[in-house]
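The following paragraphs offer a guided reading of one protein model. The sequence and coordinates are shown first, and the discussion follows.

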Amino acid sequence: MPVVYHLHDHHLICERGLLLDHSGRFCDVVNRGRDQCDACLIASSNYPPGAKARRDGFVSLLVRAVDRFITSTAATGAYLRAFYPEIEADRVVDIAMLAPVDPKPIVPMFRPERDDGPRLTVAVLGNFAAHKGGDEIVELMRICEEYRIHFKVFGRVEAHHAGRLRGIAPDRITLSGPYEPHAIHGLLSGCDVSLHLSTWPETYVIALTEAWQAGLVPVATALGALAERVTDGVDGFLVPPHDPGAVRARLLDLYYDPARLARMRNAVQAKRFPTVAAHLEAVRRVYDGLVAARPCPHDRVPDRLRVTFDLSLAEMGLRVNAPSWVSRDIHWDGTYAAALGATGRARPATPLLDDLPASDRAMPAVVLPLTHATLAFARDGLRLDDREIANPGGHDLVLRHLAVKGWLHRLDAAPAARTYLRFTGPSRTAYAVLQPDDRPDVADSLGDPGAARSGFTGTIDVDGLAFGPHTLDLVQAGRDGLLVAQGFGQVFAGGATEGALVRFAREATPPGAVPGPALLDLRQNLPEAGGVLLAAPGDLWGIAGRIEGAASDLPLSLWLRGEDGTAWRARIASGAACDGTFRLVAALTGLEPGRYDIALHGGNGVHPGAVPHRLEIVAGPGRYRLDRTMPPAFRRHFIKRLKRAPAIERAERVNLTGLGGSIACRGWAFARGLGDVLCTLAVWNDAAGRPQVCVSARLARPEVAAHLGTAQALGSGFELAVPRAALQAGSVRVFQCYRRRTVEFTGFAAALQRAVG
């Protein structure tokens with residue numbers, strides 16, 4: 001039986017069919033070599049070393065059995081042959097892909113002369129996603145804000161990018177939503193340019209054909225079929241991938257030179273494209289030639305049912321020695337069913353597990369951020385001990401148990417059979433089984449009956465977690481393998497407390513300041529806001545560290561000294577360890593809002609190294625503090641100005657002591673390449689013209705770090721409050737301090753005003 005393979009991606013070369021590595025960049029495995037593959041698959045999917053070589057060996061057997069490979073462009077076939085040299089040239093046939101509908105003749109659109117300057121309308125076609133250049137297009141929109149360039153987006157927009165697009169001024173963008181193929185040419189009427197900024201080597205790009213058929217001039221990345229189809233400077237422009245600046249330069253060429261735009265549109269209108277009939281005839285010739293070379297040995301006519309058949313190797317009578325190319329083991333006969341995960345249901349359990357069950361651990365794993373387009377997710381509740389955590393900031397302390405409720409559904413896979421909560425801490429990774437929770441409401445909302453099994457709930461005993469921060473991820477096991485959904489949250493484990501908490505007691509006389517041995521390895525849970533720890537009345541404060549050269553029986557106390565001279569002390573139990581280590585969990589009850597100096601005292605005096613040196617207890621719910629001076633992390637020189645706004649997720653009008661009528665907001669911001677986020681702050685002048693600063697706590701956002709693929713974005717979360725009068729006057733500026741530089745988000749004020757209406 002002849003076999004024909006139509007190439008629409010690069011799945012034969014790599015399981016990641018777009019040839020994007022774990023950081024979202026084109027890997028170019030043919031020219032760069034396969035040495036990088038194991039590192040990529042380990043980072044992205046935790047596959048064992050050597051998995052790619054095993055897959056290549058198996059696929060090489062498959063490609064030898066294919067009689068014809070049909071590609072839409074010559075370069076796609078050439079790239080495949082470069083990876084698999086055993087494919088002869090005559091087995092690859094180039095047949096240009098057709099557009100869904102034949103175009104109507106292009107009617108030149110009348111464009112009246114304008115006396116108010118140049119304008120340009122840019123169309124964005126197809127799915128608005130990261131691999132289609134979504135991140136670069138958002139950046140492009142922001143750096144084009146000074147020009148009368150309007151963007152029209154046609155197609156589905158991923159949730160992550162939809163949130164970022166809400167930060168663009170409404171007069172700069174139009175979101176048209178999904179479209180029917182037969183209507184696209186009419187929708188594109190009035191547009192001048194189209195964007196095709198895919199970050200992977202596409203195999204054809206139907207949207208490019210649709211744009212040309214509508215008479216638009218495309219700007220495309222110089223990768224794959226786009227580079228092959230577009231002639232730079234003639235019927236479009238080619239730009240490097242991941243370079244919004246280069247795209248803007250091409251747009252401005254046409255923005256300021258309408259005559260050149262007209263010439264290029266004329267060149268586009270002269271292009272000819274294959275019709276549906278011509279495409280089908282070319283495909284038919286390939287099939288007829290193969291059938292003629294190997295005629296059917298019988299005269300029975302097969303049923304010509306228009307049905308899609310999915311056949312497994314087992315259904316075709318073929319057996320492989322392992323259930324997945326990821327597995328190193330050889331599984332035959334009785335062990336095969338177990339390798340495929342045919343085990344009994346795991347019963348919900350509340351204790352922590354050191355690892356997943358062997359059957360789930362053996363499954364191939366896919367690692368995705370919870371913000372991924374293929375995942376639908378909601379966290380309905382999170383309780384730490386007896387406290388409901390509405391807005392987890394990564395610094396909330398848990399001592400005894402954690403309760404969680406929510407749902408997670410993967411849109412492109414079968415429903416999961418089991419769900420776990422994974423704790424990743426400083427010295428241990430642990431798992432807890434979550435109980436299934438029926439969610440018919442989710443099934444109705446998503447229109448997928450399988451989503452009714454997406455719910456989970458559980459109360460987990462955290463005994464055994466080491467003192468320190470723990471990242472929370474969801475892990476699901478099912479028929480399609482293991483899913484690790486990163487970014488569920490972060491908590492701070494207090495470790496074993498023997499059921500007792502330390503409280504601060506008022507002391508009449510604060511201690512002296514005689515220097516003692518250095519304090520080392522300090523760990524604590526409170527968020528930092530520009531060199532000052534922030535807490536609310538009643539918060540739990542966990543601290544651990546080691547005093548250099550201290551004896552095990554050294555009496556220790558943690559002191560807080562208020563601005564009015566009052567002193568508070570929390571005693572630390574002595575003799576906890578023989579190496580000078582200590583740990584305590586203190587309840588901040590009874591302390592008035594205000595700023596306190598922090599000192600750790602032992603028998604030999606004050607122990608330096610307790611950085612930050614100050615604690616501020618804030619009365620309101622917001623995790624920010626007000627000041628008259630810039631934080632130490634603020635670098636005044638070479639501030640980088642970004643013409644974009646942070647992601648503002650919540651904004652509300654409030655009345656605050658010292659500020660009056662204000663707007664409080666919560667969100668996140670991050671600029672790549674500058675290191676870790678140190679703090680985020682807003683600056684404005686008060687009524688007397690004096691500068692005032694609102695410094696946000698450095699809030700942990702593990703879901704943002706997972707989505708962006710960098711741990712440096714973990715501290716990108718912020719909460720800020722600014723006076724409404726200063727916001728309306730346009731004097732509010734927002735900065736973010738990094739280890740290498742300070743940046744300013746110039747679009748913050750406008751975005752905040754839109755958020756509050």
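Does His 242 count as buried, partly exposed or exposed? With a relative accessibility of 24%, His 242 counts as partly exposed, because buried residues must fall under 20%. The structure under discussion is a predicted model. His 242 is placed in the loop between strand E9 (237–239) and helix H10 (244–256), and its phi is positive, about 60°, although the residue is not a glycine. Most residues other than glycine have a negative phi. A second case is Leu 19, a residue other than glycine whose phi is positive and near 60°. Leu 19 belongs to the loop between E1 and H1 and is buried, with a relative accessible area of 1%.

Confidence should be considered before the details. The protein chain has a mean pLDDT of 84, and 85% of its residues reach 70 or more. Over residues 303–309, however, pLDDT stays under 50, and the model shows zero contacts for them beyond four places in sequence. Residues 332–349 also have a pLDDT below 50, yet this stretch has 19 contacts in the model beyond near neighbours in sequence. Where pLDDT is low, the predicted coordinates should not be read in detail.

Aromatic pairs come next. A pair of aromatic rings is described by the distance of the centres and the angle of the planes. The count of such pairs in this model comes to 13. One of them joins Phe 26 and Tyr 79: the ring centres are 6.4 Å apart and the planes stand at 45°, so the pair is tilted. Phe 26 lies in the loop between strand E1 (4–6) and helix H1 (29–32), whereas Tyr 79 is in helix H4 (residues 74–83), so this pair ties together parts that are 53 residues apart in sequence. Phe 26 is partly exposed, at a relative accessible area of 21%, while Tyr 79, at 15% relative accessibility, counts as buried.

Phe 504 and Trp 541 form an aromatic pair that is stacked, with 6.4 Å from centre to centre and 20° between the planes. Phe 504 sits in the loop between strand E20 (502–503) and strand E21 (505–507), and Trp 541 in strand E24 (residues 540–547), so the pair ties together parts that are 37 residues apart in sequence. Both Phe 504 and Trp 541 are buried. Elsewhere, ring pairs link Tyr 147, Tyr 255 and Tyr 256 into a cluster.

Rings also meet charged groups. Arg 34 lies over the face of Phe 83, at 3.8 Å from the ring centre. Arg 379 is placed over the face of Phe 488, at 5.5 Å from the ring centre.

Salt bridges form a further set of side-chain pairs. Side chains of opposite charge can pair when their charged atoms come close. The whole structure contains 36 salt bridges. In one of these, Asp 437 pairs with Lys 405, the closest N and O atoms being 2.5 Å apart. Asp 437 is in strand E16 (residues 429–437) and Lys 405 in strand E14 (residues 401–410), and the pair links distant parts of the chain, 32 residues apart. Asp 437 counts as buried at 18% relative accessibility, but Lys 405 is partly exposed, with a relative accessible area of 34%.

Another salt bridge joins the side chains of Arg 739 and Asp 676, at 3.6 Å from N to O. Arg 739 lies in the loop between strand E38 (733–738) and strand E39 (742–745), and Asp 676 in the loop between E34 and strand E35 (677–685), so the pair ties together parts that are 63 residues apart in sequence. Asp 676 is partly exposed, with a relative accessible area of 24%. The side chains of Arg 650 and Glu 652 meet in a salt bridge as well, at 3.2 Å from N to O. Arg 650 counts as partly exposed at 34% relative accessibility, and Glu 652 counts as partly exposed at 38%. In addition, a network of salt bridges links Asp 135, Glu 139, Arg 164 and Arg 644.

The last element to consider is a strand. How many residues of strand E37 (residues 717–723) are buried? Seven of its seven residues are buried. Gly 717, Glu 719, Ala 721 and Pro 723 are covered on one side of E37, and Phe 718, Leu 720 and Val 722 on the other. E37 pairs with strand E34 (residues 660–668) in the antiparallel sense over seven bridges. Within this pairing, Pro 723 in E37 is the bridge partner of Ser 662.

How values were computed
Residues are numbered from 1 along each chain as its sequence is written. This is a predicted model: local features need pLDDT of at least 70, side-chain atom pairs count only at pLDDT 80 or more; totals for chains, interfaces and linings use all residues. Side-chain values use heavy atoms; hydrogens and water are left out. Rings of Phe, Tyr and Trp (its six-membered ring) pair if their centres lie within 6.5 Å; planes under 30 degrees apart count as stacked, over 60 as edge-to-face and the rest as tilted. Helices (H or I, at least four residues) and strands (E, at least two) are DSSP runs, numbered from the N terminus. Buried means under 20% relative accessible area, exposed over 50%, partly exposed in between (1.4 Å probe, protein chains only). A charge sits over a ring if NZ of Lys or CZ of Arg is within 6 Å of the ring centre and within 35 degrees of the ring normal. Two strands pair if DSSP finds at least two bridges between them. pLDDT is the predictor's confidence in each residue, from 0 to 100. Contact means heavy atoms within 4.5 Å. A salt bridge is a side-chain nitrogen of Lys or Arg within 4 Å of a carboxyl oxygen of Asp or Glu.
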